[in-house]
Amino acid sequence: MSSNEIKNILDDLSKGSFDSVAQATLLALRDDCTFPQVYQITVALYGVVDAVHLQQVKRGLIAQPVQQALALRGLASFMPFWLGRSIYTARMINTLSTRWPIIREWLLFFGTDYVYKESVDKSMRILAKRAIVDFLGICRFDTLGDMLPTVLSSPGIVSLLFGMWDLEKKDRLFSTCVQDDGVPGPPPIIRTSAILDSWMCTFSEKESWSWLEIMRPFNNDGARLAATALDHLEHDLAQEPIDYDLIIWDIHLLTSLSVNSSIRIPLLMQHSIQKAAGVITIMVSQRPPVKQRRLVAKVISYACWYIRAYVEETDGLPWVCEVLEAGLLPSLLAVEPWLRQLKDDNNEDWEPLWLLLSNIFPKYAIFRSVLKVMGRSIKAVNASKPVDRPKADGPLHKHWTTLEGLVMSRLSLLETDDVDEAHADSCQSSKCNKSGPAGTYKRCAGCLHVHYCSRECQIYDWKQGGHQTYCRGIQARRAKGIMSRISTRDLRFLDRVIASDLSYHNERISKTAVKHAPGPAVVEIDYTCIPFRIGVGSTDSLPVPDTCKCDRLMQQKWDTMVELARNSKTPGQKLLIRAFIPCGSAPKVKLQLIPIKRILPGYDPNQDHDPAEAGDTFDHLYSCAGISFTIVDHSYPVETLRLMSKEMDALAIEGKENTTDLDQLA
């Protein structure tokens with residue numbers, strides 16, 4: 001390459017030639033181009049986007065900054081190669097660093113005065129958008145290293161790129177997937193989602209999250225940002241052929257953004273879990289070339305990680321039902337051929353898959369709504385051809401058999417006649433505590449958790465029993481989407497599961513109860529683990545454990561039950577039951593007091609008509625009113641704690657403002 005050739009091109013460049021930008025870029029991309037020549041071209045292209053040219057454009061002395069947009073794109077096409085060569089990295093970064101302030105002005109100017117202005121010619125708007133995205137594509141940690149924080153902390157830059165990402169959803173002509181022959185320059189060099197994913201990974205490592213910048217293009221509306229993220233995922237899945245890298249970026253970006261609950265909750269409400277399940281269903285049916293099989297496996301792994309991270313968010317139950325209804329179980333079984341495509345020493349890629357099959361889904365089989373769906377899926381799998389079932393010597397087999405065994409053993413409980421079961425409601429006022437058949441008392445219309453036998457008891461509990469604080473906390477969290485309620489049918493089935501497990505272990509319980517007679521026996525069942533754990537003892541050997549900082553109310557209810565049992569006026573020993581229920585990040589505990597005879601063989605509820613025993617029973621479902629960590633939160637502890645602190649303060653303020661009419665009883 002002759003020096004005259006370069007000189008002629010750079011002379012044309014200084015005169016405003018569009019073609020000279022392409023010629024200079026092509027020279028810099030040639031294999032025989034030396035670093036001194038590349039550096040000469042780099043400086044010349046930076047000279048096109050200097051402060052003088054910016055003022056000329058703003059004053060109208062340059063009709064349209066086509067040359068400047070092409071110059072930024074030209075730099076983006078060859079700079080990554082030279083930034084990646086260690087002997088030249090420092091000089092290239094130093095050159096960018098000294099010019100970054102004016103480059104930033106150009107990028108923001110292209111956004112405000114061209115991309116977002118509908119009065120501007122569409123091809124110029126698209127070119128300006130590509131210039132922004134392509135140049136910011138240079139700005140990744142693997143290329144800029146320690147200079148990247150300077151870029152990301154520059155006011156408006158993070159917002160600018162998220163704005164471009166949002167624009168791609170609003171108008172697909174701006175998408176990096178679309179090539180328009182009417183737009184000068186080459187096709188898009190890099191995808192917006194790839195840059196954003198890289199930046200979010202950098203944020204997670206440095207824990208310097210710019211949420212104001214991230215949320216600004218969406219008017220601080222987490223639901224709008226969530227909709228944009230999911231729209232990108234759906235759009236990219238619909239392309240033929242599918243770009244698997246793009247799906248990986250989409251899902252990883254979803255996961256990173258979801259650390260902020262103002263984005264995470266809208267993502268869940270907009271069925272992100274269901275859509276992640278849909279990704280797995282699509283991927284397991286793919287037949288890609290050998291070189292792309294690892295990418296497909298990675299997509300499946302990332303989708304499993306997202307589902308595992310948030311399927312137990314809030315109460316867990318709504319999302320578990322959602323993914324099962326979406327047909328996730330058969331799709332997870334179809335993952336088996338893809339497992340060998342991703343292998344590491346710790347097998348971390350597929351850890352979420354094992355947990356979903358052998359831990360998370362089995363836990364939720366105590367709920368009728370979940371059990372019915374899983375039962376249908378498992379029966380369909382068992383009726384299918386052997387090739388569609390896990391191989392006996394395959395990695396999925398032991399996890400699948402754990403789920404299958406528990407579900408099949410519980411299905412018989414669905415056939416129980418509800419009429420023969422005794423369900424109770426208990427008045428939650430501490431000065432009353434009497435119980436009656438389910439449906440006898442009215443439920444608090446605020447929290448939807450507790451019952452009262454009268455208005456007087458409700459007022460007393462509101463003012464004296466601590467229900468005011470609890471109720472407002474529950475309402476504030478439900479309004480935020482952090483908490484939902486369990487259906488009556490699920491609660492009734494939960495009673496049935498507890499009764500069945502107590503009956504199964506009645507011999508062990510009876511032997512222990514005899515040792516502590518005439519005092520009450522205590523049974524603690526932990527359904528939050530697989531296999532579930534059951535402990536039998538006394539009020540001294542099995543005190544109430546601490547589960548979170550807002551356990552004071554549960555402790556009060558437990559103390560009430562102990563006193564009722566000890567002061568019973570009816571014959572027979574009493575049984576105190578404490579069952580921990582899997583409900584995601586909103587823990588629940590089922591508290592019950594019953595006569596021990598109810599778990600013994602031969603007990604017939606139809607022959608048990610002693611009305612005095614109603615005063616010796618108690619039933620309460622305690623729900624934590626706090627906020628717990630999710631698996632993704634543990635990945636970003638500093639940022640999560642900061643966000644949680646703000647959220648708890650906000651919820652506390654809302655709780656004070658929110659009032660419950662004491663006349664409201666459902």
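Helix α18 is largely enclosed by the rest of the structure, because seven of its nine residues are buried. Those seven are Leu-317, Trp-319, Val-320, Cys-321, Glu-322, Val-323 and Leu-324. After α18 comes Gly-327, which has a positive phi near 85°. As with everything that follows, this picture comes from a predicted model.

The setting for this helix is a chain of 666 residues, of which 54% count as buried. The chain contains 28 helices and nine strands. Among its contacts with a separation of 6 or more, 74% are between residues 24 or more positions apart.

One of the partners of α18 is α17, whose buried residues pack against α18 and also against α14 (244-257), α15 (261-269), α16 (272-284), α19 (328-333) and α20 (351-363). Helix α17 covers residues 293-310, 18 residues in all. From first C-alpha to last, α17 reaches 26 Å, close to the 26 Å expected at 1.5 Å a residue. The buried residues of α17 include Val-296, Val-299, Ile-300, Cys-304, Tyr-306, Ile-307, Arg-308 and Tyr-310.

Ile-300 also leads to the next residue of interest, Val-284, with which Ile-300 is in contact. Val-284 lies in helix α16 and is buried, with a relative accessible area of 14%. Beyond its neighbours within four places in sequence, Val-284 also contacts Ser-331, Ala-334, Val-335 and Trp-338. With Ala-334, the separation is 50 residues in sequence but 6.1 Å in space, C-alpha to C-alpha.

Attention turns next to the empty space inside the model. Rolling a probe the size of a water molecule over the atoms shows where such space is left. The structure holds five cavities of 30 Å³ or more, and the largest cavity has about 80 Å³ of space. Its lining is made up of 14 residues, with Glu-168, Thr-176, His-232, Asp-236 and Leu-246 nearest the centre. Helices α10 (157-170), α11 (192-206), α13 (222-237) and α14 each supply at least two residues of this lining. Of these, α13 gives the most, with three residues. Sorted by class, the lining of the largest cavity has three nonpolar, six polar and five charged residues.

Two of the residues nearest the centre of that cavity, Glu-168 and Thr-176, are also touched by Lys-129. Lys-129 sits in helix α7 (residues 122-136) and is buried, with a relative accessible area of 1%. Not counting residues up to four places away in sequence, Lys-129 also touches Val-115, Met-164, Phe-174, Ser-175 and Thr-192.

Farther along the chain, Ala-565 is part of helix α27 (residues 552-566). Its relative accessibility of 9% counts as buried. Leaving aside neighbours within four places in sequence, the contacts of Ala-565 are Pro-520, Lys-574, Leu-576 and Leu-593. Between Ala-565 and Ala-521 there are 9.4 Å in space, C-alpha to C-alpha, for 44 residues in sequence.

The cysteines were examined as well. A search of the whole structure finds zero disulfides. Cys-447 is thus in none, and the nearest cysteine sulfur, that of Cys-444, is 3.9 Å away, whereas a disulfide requires sulfur atoms within 2.5 Å. Cys-447 is buried, with a relative accessible area of 0%. Cys-33 also counts as buried, at 5% relative accessibility.

Lastly, a few places in the backbone deserve a look. Most residues other than glycine have a negative phi, and most peptide bonds are trans. A cis peptide bond joins Glu-240 and Pro-241, with omega about -10°, and Pro-241 is found in the loop between α13 and α14. The bond from Ile-530 to Pro-531 is also cis, with omega near -5°; Pro-531 belongs to the loop between β5 (521-526) and β6 (533-537).

Positive phi values appear at two asparagines, near 60° for Asn-220 and near 65° for Asn-433. Asn-220 lies in the loop between α12 (211-215) and α13, and Asn-433 in the loop between β1 (424-426) and β2 (435-437). Their surroundings contrast: Asn-220 is exposed, with a relative accessible area of 54%, whereas Asn-433, at 8% relative accessibility, counts as buried.

Methods
Residues are numbered from 1 along each chain as its sequence is written. This is a predicted model: local features need pLDDT of at least 70, side-chain atom pairs count only at pLDDT 80 or more; totals for chains, interfaces and linings use all residues. Side-chain values use heavy atoms; hydrogens and water are left out. Helices (H or I, at least four residues) and strands (E, at least two) are DSSP runs, numbered from the N terminus. The expected span of a helix is 1.5 Å times one less than its number of residues. Buried means under 20% relative accessible area, exposed over 50%, partly exposed in between (1.4 Å probe, protein chains only). Contact means heavy atoms within 4.5 Å. On a 1 Å grid over the protein atoms alone, a cavity is a set of points where a 1.4 Å probe fits but cannot get out, and a pocket is an open set with protein on both sides within 12 Å along at least five of seven lines; lining residues have an atom within 4 Å of a point. Grid points are joined across faces, edges and corners, and a volume is the space filled by probe spheres set on the points. Ala, Val, Leu, Ile, Met, Phe, Trp, Tyr, Cys and Pro count as nonpolar, Asp, Glu, Lys and Arg as charged, and the others, Gly among them, as polar.
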